[in-house]
Amino acid sequence: MSIEADIALLERVPTLRLLGTASLRMLAIGSEQRDFSPGDYLFNAGDEADAGYIVQRGSIRVEDAGAEVVAGPGSLIGELALIVAMKRPASAVALDHATVIRIARSLFQRVLESDPAAARRLRDELATRTSQLASDMLMAGAKLSV
């Protein structure tokens, strides 16, 4: 795919859209495309998480202790790995012929360092999500204790 097509795909990802076109261009240029056959693993639970993946084509099943979700084109897998060093909590396997864009954490961090405004937008979005999650957990806890 072309850089312009990669940018268009990155713009479909809500978290990445916050970064703006200039930062998305840097991500598109610095990232790598990877192809997977059905049954190939992108990563396994317990692996070092050093990158996030955006599905370009095909579908990827993300499995976490029996729970699973299927990610299709435009989905970001491993979002937290873009920000923090960690072990993978889940495994991801291609369900069919799939292509992904791999964004290394080191590249993502360089992009944020070069665009402080984009970094602030991302920080604000993550703070909002964290606040909402905490609120949802309190509500669920209150309903369970009734």
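## One turn of a helix

Arginine 129 and glutamate 125 are both in helix H5 (residues 116-144), and because they are 4 residues apart there, about one helical turn separates them. Keep in mind as you look at this pair that the model is predicted. Arginine 129 and glutamate 125 form a salt bridge, and their closest N and O atoms are 3.2 Å apart.

Are these two residues buried, partly exposed or exposed? Arginine 129 has a relative accessibility of 32%, so this residue counts as partly exposed. Glutamate 125 is partly exposed as well, with a relative accessible area of 29%. Elsewhere, salt bridges that share partners join Glu32, Arg34, Asp50 and Arg102 into one network.

## A look inside the network

The count of salt bridges in the model comes to 10. Let us follow glutamate 32, a member of the network. The side chain of glutamate 32 meets that of arginine 34 in a salt bridge, at 3.3 Å from N to O. The side chain of glutamate 32 also meets that of arginine 102 in a salt bridge, again with 3.3 Å from N to O. This second pair links distant parts of the chain: glutamate 32 is in strand S1 (residues 32-36) and arginine 102 is in strand S10 (residues 98-104), 70 residues apart.

How accessible are the partners? Glutamate 32 has a relative accessible area of 34%, so it is partly exposed. Arginine 34, at 31%, is partly exposed too. What about arginine 102, buried or exposed? Arginine 102 has a relative accessible area of 11%; buried means under 20%, so arginine 102 is buried.

## The sheet around S1 and S10

The strands of glutamate 32 and arginine 102 belong to a sheet. In what order do its strands lie? This open sheet has 4 strands in the order S1-S10-S4-S7, with antiparallel pairing. S1 and S7 are the edge strands, and each of them pairs on one side only.

Between S1 and S10 there are 5 bridges, in the antiparallel sense. Here glutamate 32 turns up again: its bridge partner in S10 is arginine 102. These two residues are therefore strand partners as well as salt-bridge partners, with glutamate 32 being partly exposed and arginine 102 buried.

## The sheet around S5

There is another open sheet of 4 strands, and its order is S2-S9-S5-S6, with antiparallel pairing. The edge strands here are strand S2 (41-43) and S6, each pairing on one side only. On average, neighbouring strands of this sheet are turned by 25° against each other, with direction ignored.

Let us walk across the sheet from S2. S2 pairs with S9 over 2 bridges in the antiparallel sense, and tyrosine 41 has valine 93 as its bridge partner in S9. Next, 4 bridges join S5 to strand S9 (residues 91-94), and these strands run antiparallel. In this pairing isoleucine 60 stands opposite alanine 94.

On the other side of the walk, S5 is joined to S6 by 5 bridges, and the two run antiparallel. Valine 62 has valine 69 as its bridge partner in S6. How many residues lie between S5 and S6 in their hairpin? There are 2 residues between them, and alanine 65 in the turn has a positive phi of about 50°.

## Where the pockets are

Rolling a probe the size of a water molecule over the atoms shows where empty space is left. In this model the largest pocket holds about 270 Å³ of space. Its lining has 17 residues, and the closest to the pocket's centre are Val62, Ile77, Gly78, Pro89 and Ala90. You have already met Val62, the partner of valine 69.

Which strands each supply at least two residues of this lining? They are strand S5 (60-64), strand S6 (67-71) and strand S7 (76-77). The largest share, 3 residues, comes from S6. By class, the lining has 13 nonpolar, 1 polar and 3 charged residues.

The second largest pocket has a volume of about 180 Å³. Glu79, Leu80, Ile83, Leu126, Arg129, Thr130 and Leu133 line this pocket, and by class they are 4 nonpolar, 1 polar and 2 charged residues. Arg129 in that list brings us back to the beginning: it is the salt-bridge partner of glutamate 125.

Terms used. Residues numbered from 1 in each chain as written. Predicted model: local features only at pLDDT ≥ 70, side-chain atom pairs only at ≥ 80, totals over all residues. Heavy atoms only, no water. 1 Å grid on protein atoms, 1.4 Å probe; cavity = no way out; pocket = protein on both sides within 12 Å on 5 of 7 lines; lining within 4 Å. Points joined across faces, edges and corners; volume = space filled by probe spheres on them. Nonpolar A, V, L, I, M, F, W, Y, C, P; charged D, E, K, R; others polar. Salt bridge = Lys/Arg side-chain N within 4 Å of Asp/Glu carboxyl O. Buried < 20%, exposed > 50% of the residue type's maximum accessible area, 1.4 Å probe, protein only. Pairing = 2+ DSSP bridges. Axes fitted to C-alpha atoms, helices over the stretch in contact; angles between N-to-C directions.
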